[in-house]
Amino acid sequence: MIIVVLLEPELVRASAMGDTTDYVERVRAVHAAPADPAAPGDPGDLTFCGMDTGRMQRNPYKAPRPGATWYPPKWQSKVCSACDRVLAAS
């Protein structure tokens, strides 16, 4: 099974000065989705936890060896627990 790692973005208010407010984009959660059978490098429509993949950003991470985590280690604190449970059970 090919797994596509996806980053769920969110906008966070960085500052407000006068009439303007600045926002920065950061990662809310890291999800996994099965690859689209018609385009294996692209995710299917839904993540393993059932979220729409349309607004998520694809991450190029591939596990370096069997038994390694499906997600990049730097995002460990942001991993979707539902996606992780589904993948651990498969």
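How much accessible surface does the protein chain have, and what percentage of it belongs to carbon and sulfur atoms? The accessible surface comes to about 6100 Å², and carbon and sulfur atoms hold 53% of that area. Please keep in mind throughout that this is a predicted model.

**Figure 1. The fold of the protein chain, from strands to helix.** Four strands and one helix make up the secondary structure here. Reading from the N terminus, you meet them in the order β-β-β-β-α. The C-alpha trace spans about 50 × 25 × 20 Å along its principal axes.

**Figure 2. Burial and contacts in the protein chain.** The protein chain has 90 residues, and 31% of them count as buried. Among contacts with a separation of 6 or more, 48% come from residues 24 or more positions apart.

**Figure 3. Charged side chains of the protein chain.** Here you can look for 10 positive and 10 negative side chains. The centres of these two sets lie 8 Å apart.

**Figure 4. Asparagine 59 in strand β4.** Strand β4 covers residues 57-59, and asparagine 59 has its place there. Asparagine 59 counts as buried because its relative accessibility is 14%, and buried means under 20%.

**Figure 5. The surroundings of asparagine 59.** Leaving aside residues up to four places away in sequence, asparagine 59 touches Val5, Leu7, Pro72 and Trp75. Its side chain also has a polar atom 2.9 Å from the backbone nitrogen of tyrosine 61.

Note on methods:
Residues numbered from 1 in each chain as written. Predicted model: local features only at pLDDT ≥ 70, side-chain atom pairs only at ≥ 80, totals over all residues. Heavy atoms only, no water. Helix = DSSP H or I, 4+ residues; strand = E, 2+ residues; numbered from the N terminus. Buried < 20%, exposed > 50% of the residue type's maximum accessible area, 1.4 Å probe, protein only. Contact = heavy atoms within 4.5 Å. Areas by Shrake-Rupley, 256 points an atom, 1.4 Å probe, with all protein chains shown as cover. Lys, Arg positive; Asp, Glu negative; His and termini not counted. Charge placed at Lys NZ, Arg CZ, Asp CG, Glu CD. Polar contact = N/O pair within 3.5 Å; in protein donor to acceptor, adjacent residues only side chain to side chain.
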